[in-house]
Amino acid sequence: MEDAAPQTIYLADYRPFGWIVEEVALTFRLSPDATRVASRIRFAPNPEAPPQEFFLQGEDLRLVSAAIDGRPVQPDVTAKGLTCAVPSGPFLWEAEVEIAPAANTALEGLYMSKGMYCTQCEAEGFRKITFYPDRPDVMAPFKVRIESDLPVLLSNGNPAGQGAGWAEWHDPWPKPAYLFALVAGDLVAHRDSFTTRSGRKVGLAVWVRPGDQDRCAYAMDSLIRSMRWDEEVYGREYDLDIFNIVAVDDFNMGAMENKGLNIFNSKLVLASPETATDDDYARIEAVIAHEYFHNWTGNRITCRDWFQLCLKEGLTVFRDQQFSGDMRSHAVKRIEDVVTLRARQFREDQGPLAHPVRPDSFVEINNFYTATVYEKGAEVIGMLKRLVGDEGYARALDLYFDRHDGDAATIEDWLKVFEDATGRDLSQFKRWYSQAGTPRLKVSDDWKDGSYTLHFRQENPPTPGQPQKDPRVIPIAVGLLNPNGDEVVPTTVLEMTEAEQSFRFEGLATRPIPSILRGFSAPVVLERQVPAQEQAFLLAHDTDPFNRWEAGRALARGEILAMVTEGAAPSPQWLEALAGLALDESLDPAFRALALRLPGEDELAQTLHDRGVTPDPDAIHTARRAAGRALATRLAPQLPGLIAALTDRGPFSPDAAAAGRRALKGAALMLLTRTDGGAAAEAAFAAATNMTDRIAALSALLDSGKGQAELAAFEAQWQDNPLVMDKWFALQIAFAAPAEAAETTERLTAHPRFDWKNPNRFRSVIGALSGNHAGFHRADGAGYRVVADWLLKLDPLNPQTAARMSTAFETWARYDATRQARAKAQLDRILAAPGLSRDLSEMASRLRGAAG
Ligand code: TRP
Ligand code: ZN
């Protein structure tokens with residue numbers, strides 16, 4: 001049970017630890033209920049730290065013995081750690097503790113998953129393994145000895161010997177405790193190797209449970225491509241003799257960059273054409289790269305404290321996005337990234353959980369692994385790069401690696417490197433790190449005597465704890481087009497620094513059509529009254545692929561919102577423009593598939609709320625479906641031909657071109673199923689030879705209220721594959737009619753395979769209900785109640801995942817009074833629960849704090 005009043009931690013209170021850790025040696029004697037951890041740690045006074053009491057964090061540990069320089073000591077132990085009198089000079093700390101990994105359901109520290117031992121130490125899990133200064137600015141080399149009868153015993157660094165029942169590992173690179181990892185189990189390896197550009201051969205292994213080894217090839221291939229890319233693009237080479245990846249079924253997040261021993265959620269490793277979709281393949285490639293890239297941006301250079309989390313996460317997300325763009329298509333990748341940014345980060349930034357990219361206080365750090373820190377953190381780096389140019393960026397990054405290798409650094413260090421490398425003053429730019437909220441950019445234009453002027457006004461709305469804000473630096477990439485579609489002014493980056501600012505373009509023969517915020521050059525909401533013809537023109541002619549897609553998105557949003565608020569019918573011009581795009585064979589199929597995807601219901605609700613209209617989830621759902629049906633009717637004659645032309649007959653390839661064709665084919669099948677009674681999708685399901693096609697067909701059927709026989713067949717075929725069954729659970733809830741989503745969820749929670757203690761399964765069911773917009777926001781509150789029931793049930797076992805999933809409630813203040821009252825009632829019920837975790841209680845009280 002947690003403290004009644006959990007403590008708030010402030011950035012301003014940072015002070016260095018009083019000792020330097022020169023070396024750590026750990027011995028693990030593994031046992032499910034009573035693992036012994038013996039530690040030998042060499043401490044020396046830190047001359048740069050103020051005098052302080054010797055305190056080591058430690059939670060849920062049974063201290064067996066402790067000694068300093070070989071003499072037994074009796075430290076003062078509390079629920080948070082221990083204090084002890086220590087010598088004034090260097091000393092050797094020795095302790096032995098006992099822990100119970102089999103009883104660890106929080107999946108933090110040392111725990112067990114399907115008979116295997118594994119660890120998760122970020123952010124503050126190492127303190128559940130032994131007493132230690134568990135903070136990222138304390139870095140040390142580690143030696144680890146593991147004793148266990150299990151066949152595979154792994155830790156960080158290089159192997160240093162092994163025998164019957166034991167193995168030793170040495171990690172020469174000083175690292176903070178959050179990067180510590182240990183794995184022990186009955187595992188098999190998929191092996192390969194990589195020779196670095198300086199000629200060192202690195203042994204690579206992906207470790208999985210027996211039976212899964214034939215689904216590791218894509219992860220390995222992604223790893224090798226990541227290693228090569230980081231050498232070529234950032235000049236960063238790998239620095240150990242081996243690199244291990246382990247797949248684990250029970251994992252709270254996606255993956256973890258432990259030095260030399262990355263641990264992954266198995267859904268981000270295991271893939272075969274039969275079991276994984278193209279989206280799974282793309283995610284695996286991106287996350288393998290992300291964790292690998294952390295070796296430099298995170299591990300070699302780490303964070304001084306957890307407020308600096310974006311230093312490693314924003315940069316590493318930015319790097320993995322660049323990598324995926326290079327591997328696939330930059331245009332498609334950018335559109336997908338902006339779709340997620342808006343769906344997750346804008347939603348967060350515009351609600352009660354809004355916080356700066358670098359927060360200045362927190363209660364539970366696990367609650368700050370957010371879309372703002374990760375995705376907006378990456379956008380901020382993209383803006384920096386746009387402002388200083390590609391060369392300036394490259395120089396700054398070289399300087400960053402030179403200057404800070406081995407450091408625990410801050411955002412100030414990061415920005416200073418850019419200032420020193422480029423001579424720019426970034427003091428105003430720094431507001432992107434300290435001010436929460438999404439800026440709104442209002443645009444108007446005028447045309448007089450051959451001169452065209454764009455007027456911008458930025459508004460920075462208040463967010464919790466930040467009523468007032470200062471104007472930010474906003475890079476606005478703009479291009480101008482002639483009415484005949486020619487580009488008269490190619491992409492130029494306007495640097496907005498004032499609250500209001502105008503930019504003039506001279507010497508134009510005719511009034512141009514502006515293409516503003518190309519490539520989504522800043523994470524802002526653009527507010528401009530654009531006539532539908534102008535959007536249609538940009539959809540047809542914009543040379544910037546992002547803005548071309550954006551014009552289509554804006555048109556679709558306008559159409560559906562007019563259907564909601566005015567009862568309008570979808571306009572023939574819109575249907576024509578969209579159909580033209582869908583059938584335009586000169587365009588990348590992946591791009592066409594994205595253009596056909598209508599804006600989601602949550603995005604439509606947010607847009608209405610922004611315009612001062614209270615969104616009605618049922619009306620939005622109905623209108624969006626009607627828009628889809630109108631599009632289906634318009635395209636009906638062409639769809640069978642389009643599907644046939646996109647059907648590949650050769651062997652499966654997960655590459656971007658083949659995936660793009662499957663994506664467009666799936667979108668076409670979804671539309672066709674709305675008009676053909678399901679015949680094509682039933683045939684496609686029966687004929688599918690890969691999971692992408694199978695899921696596309698099943699989705700199309702469920703979307704049209706069909707597919708019960710296919711669901712049963714799917715379950716019979718895949719019941720023993722947990723990752724595939726996660727899809728089976730999630731799809732039924734995602735496509736449930738709003739009136740039935742809560743009941744469908746409850747029915748599935750009674751299914752024998754609803755293993756609610758497994759985070760993937762919990763997310764695939766409870767997360768799917770929160771993602772069913774009209775189903776979750778059902779007027780009678782049933783959606784809110786079912787999600788709250790399960791959060792309360794999960795919280796005592798796994799607070800981190802319960803807290804993370806409570807973000808389902810972050811938009812309640814948008815809706816009508818009845819819905820608000822019902823959502824608040826559930827948050828109040830959560831807050832009143834006895835023994836609520838610090839994680840969920842922080843989240844529920846921040847969520848509850850929203851206006852209203
Ligand atoms: N550092 C990890 C990443 O982004 C994130 C992560 C994995 C994590 N597991 C976690 C964060 C558990 C907090 C708790 O790559
Ligand atoms: Zn990361």
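Two strands count as paired here if DSSP finds at least two bridges between them. In this predicted model, eight strands form an open sheet in the order E6-E5-E9-E3-E2-E12-E15-E14, with mixed pairing. Strand E6 (71–72) and strand E14 (158–163) are at the edges with a single partner strand each, so one side of each has no neighbour in the sheet. Strands of a sheet pair through backbone hydrogen bonds, either parallel or antiparallel.

## Overall dimensions

The secondary structure of the protein amounts to 26 helices and 31 strands. The radius of gyration is 27 Å, which agrees with the value near 29 Å that a compact globule of 852 residues would have. Along the principal axes, the C-alpha atoms fill a box of roughly 85 × 65 × 60 Å. Of the 852 residues, 60% count as buried. Among contacts with a separation of 6 or more, 70% are between residues 24 or more positions apart.

## Strand pairs

Within the eight-stranded sheet, strand E2 (residues 19–29) and strand E3 (residues 35–45) are antiparallel and share ten bridges. Ile20 has Ala44 in E3 as its bridge partner.

A second open sheet has three strands in the order E4-E8-E7, and its pairing is antiparallel. Its edge strands are E4 and strand E7 (76–77), each of which pairs on one side only. E4 is joined to strand E8 (residues 81–83) by three bridges, and Leu56 stands opposite Leu82 in E8.

Further pairs are found elsewhere in the chain. The table lists four antiparallel pairs with their bridges.

| Strand pair | Bridges |
|---|---|
| E2 (residues 19–29) and E3 (residues 35–45) | ten |
| E4 and E8 (residues 81–83) | three |
| E13 and E16 (residues 182–185) | four |
| E17 (residues 188–195) and E18 (residues 201–208) | eight |

In a regular strand the side chains alternate between the two faces of the sheet. In strand E13 (residues 152–155), Val152 and Leu154 point one way, Leu153 and Ser155 point the other way, and all are buried. The bridge partner of Ser155 in E16 is Leu182.

E17 and E18 form a hairpin with five residues between the strands, and Gly199 there takes a positive phi near 90°. His190 is bridged to Val206 in E18.

## Backbone exceptions

Most residues other than glycine have a negative phi, and most peptide bonds are trans. Asp69 departs from the phi pattern with a positive value near 50°. Asp69 is located in the loop between strand E5 (62–68) and E6, and counts as partly exposed because its relative accessibility is 36%, between the limits of 20% and 50%.

Phe520 also has a positive phi, near 50°. Its loop runs between strand E30 (513–516) and strand E31 (525–527). Is Phe520 buried or exposed? Phe520 counts as buried because its relative accessibility is 1%, and the cut-off for buried is under 20%.

A cis peptide bond, with omega about 0°, joins Glu122 and Ala123. Ala123 belongs to the loop between strand E11 (116–120) and strand E12 (140–147).

## Two further loop residues

Val86 lies in the loop between E8 and strand E9 (91–99). With a relative accessible area of 24%, Val86 is partly exposed. Leaving aside residues up to four places away in sequence, Val86 touches Trp19, Phe54, Ile68 and Phe91. Ile68 is 18 residues from Val86 along the chain, and their C-alpha atoms are separated by 7.6 Å.

Ser266 is in the loop between strand E21 (261–265) and helix H2 (278–293). Ser266 counts as buried because its relative accessibility is 2%. Beyond residues up to four places away in sequence, Ser266 touches Ala247, Val248, Asp249 and Leu723. The C-alpha atoms of Ser266 and Glu585 are separated by 37 Å, and these residues are 319 apart along the chain.

## Second largest pocket

The second largest pocket holds about 1100 Å³ of space. Its lining consists of 33 residues, and those nearest its centre are Ile9, Gln57, Glu124, Arg127 and Arg135. The lining divides into 13 nonpolar, four polar and 16 charged residues. Strand E1 (9–10) and strand E4 (55–57) each contribute at least two residues to this lining. E4 is also an edge strand of the three-stranded sheet.

Technical notes
Residues numbered from 1 in each chain as written. Chains lettered and ligands numbered in written order. Predicted model: local features only at pLDDT ≥ 70, side-chain atom pairs only at ≥ 80, totals over all residues. Heavy atoms only, no water. 1 Å grid on protein atoms, 1.4 Å probe; cavity = no way out; pocket = protein on both sides within 12 Å on 5 of 7 lines; lining within 4 Å. Points joined across faces, edges and corners; volume = space filled by probe spheres on them. Nonpolar A, V, L, I, M, F, W, Y, C, P; charged D, E, K, R; others polar. Buried < 20%, exposed > 50% of the residue type's maximum accessible area, 1.4 Å probe, protein only. Contact = heavy atoms within 4.5 Å. Rg over C-alpha atoms; globule rule 2.2 N^0.38 Å.
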